[in-house]
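Please open the model in the viewer and set a cartoon representation. The tour below proceeds selection by selection, from the whole chain to individual side chains.

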Amino acid sequence: MRNAIASMVFGCAAALSATAYAAGDMEDTSMQRGAQQSADSANSMSHGEVKKVDNAVGKLTIKHGPLENLGMEGMTMVFRVKDPAMLSQVKVGDNIDFVAEEVNGALTVTKLQKQ
């Protein structure tokens with residue numbers, strides 16, 4: 001009887017440790033997938049229309065769709081630009097694809113392409 005109880009306890013312990021190990025593997029996979037999705041969304045382009053180009057202060061006003069990497073809905077807002085040369089690439093009314101990120105506390109266009 002003692003051997004039977006000991007075998008059951010050992011069997012349960014082995015099953016629990018295997019389950020815990022598998023759960024740990026799944027957690028690592030989920031964390032890696034989440035990190036990859038964050039990197040992908042940071043690099044995915046958003047779409048918008050240039051409403052204003054302000055060369056004096058290095059800013060663009062863009063009417064845009066959702067900014068998934070920032071968790072923002074579509075709206076019209078002002079962005080800084082990472083490189084002032086971006087301002088010469090666009091004019092009011094241009095449709096653009098862009099990436100906006102938070103840089104030093106300011107929403108900044110880090111990539112820009114005319115459509």
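In what order do the elements of the chain run from the N terminus on? In this predicted model, the order is α-β-β-β-β-β, so that colouring by secondary structure should show one helix and five strands, as DSSP runs define them.

**The whole chain**

Begin with all residues selected and the surface displayed. The accessible surface amounts to about 7,800 Å², and carbon and sulfur atoms account for 55% of that area. Of the 115 residues, 23% count as buried. A contact map adds a further view: among contacts between residues at least 6 apart in sequence, 48% join residues at least 24 apart.

**The barrel**

Next, select the five strands. They form a closed barrel in the order β1-β2-β3-β5-β4, with mixed pairing. From one strand to the next, the twist averages 55 degrees.

Now follow individual pairings:

- Select residues 46–54 (β1) and 95–103 (β4); these strands pair in the antiparallel sense over four bridges. Within β4, Phe 98 is found opposite Ser 46.
- Add residues 106–114, which form β5; the pairing of β4 with β5 is antiparallel and extends over eight bridges. Val 103 has Ala 106 in β5 as its bridge partner.
- Centre on Asn 104, in the hairpin of β4 and β5. Two residues lie between the strands there, and Asn 104 takes a positive phi near 50 degrees.
- Select residues 75–81 (β3) together with β5; here the pairing is parallel, over two bridges. Val 81 stands opposite Val 109 of β5.

**The nonpolar core**

Show side chains for Leu 60, Ile 62, Phe 79, Ile 96, Phe 98, Val 109 and Leu 112. In the largest nonpolar core, which has 15 residues, these touch the most other members. Two or more residues of this core come from each of β2 (59–64), β3, β4 and β5.

Which residues does Val 109 touch, not counting residues up to four places away in sequence? The contacts are Ile 62, Phe 79, Arg 80, Val 81, Lys 82, Met 86, Phe 98, Val 99 and Ala 100.

**Thr 108**

Step back to Thr 108, also in strand β5. Is Thr 108 buried or exposed? Thr 108 counts as buried because its relative accessibility is 7%, under the 20% cut-off. A polar atom of the Thr 108 side chain lies 3.0 Å from the backbone oxygen of Ala 106. Leaving aside residues up to four places away in sequence, Thr 108 touches Phe 79, Arg 80, Val 81, Lys 82, Val 99, Ala 100, Glu 101 and Val 103.

As background to comparing neighbouring positions, side chains in a regular strand alternate between the two faces of the sheet.

**Asn 69**

Finish in the loop between β2 and β3, where Asn 69 is located. Why does Asn 69 count as partly exposed? Its relative accessible area is 22%, and the partly exposed class lies between 20% and 50%. Display the distance from the Asn 69 side chain to the backbone of Ala 100: a polar atom of that side chain lies 2.9 Å from the backbone oxygen of Ala 100. Then add Glu 101. Asn 69 and Glu 101 are 32 residues apart along the chain, and their C-alpha atoms are separated by 7.8 Å.

Terms used: Residues numbered from 1 in each chain as written. Predicted model: local features only at pLDDT ≥ 70, side-chain atom pairs only at ≥ 80, totals over all residues. Heavy atoms only, no water. Pairing = 2+ DSSP bridges. Axes fitted to C-alpha atoms, helices over the stretch in contact; angles between N-to-C directions. Core = buried A, V, L, I, M, F, W, Y, C linked by side-chain atoms within 4.5 Å. Buried < 20%, exposed > 50% of the residue type's maximum accessible area, 1.4 Å probe, protein only. Contact = heavy atoms within 4.5 Å. Polar contact = N/O pair within 3.5 Å; in protein donor to acceptor, adjacent residues only side chain to side chain. Areas by Shrake-Rupley, 256 points an atom, 1.4 Å probe, with all protein chains shown as cover.
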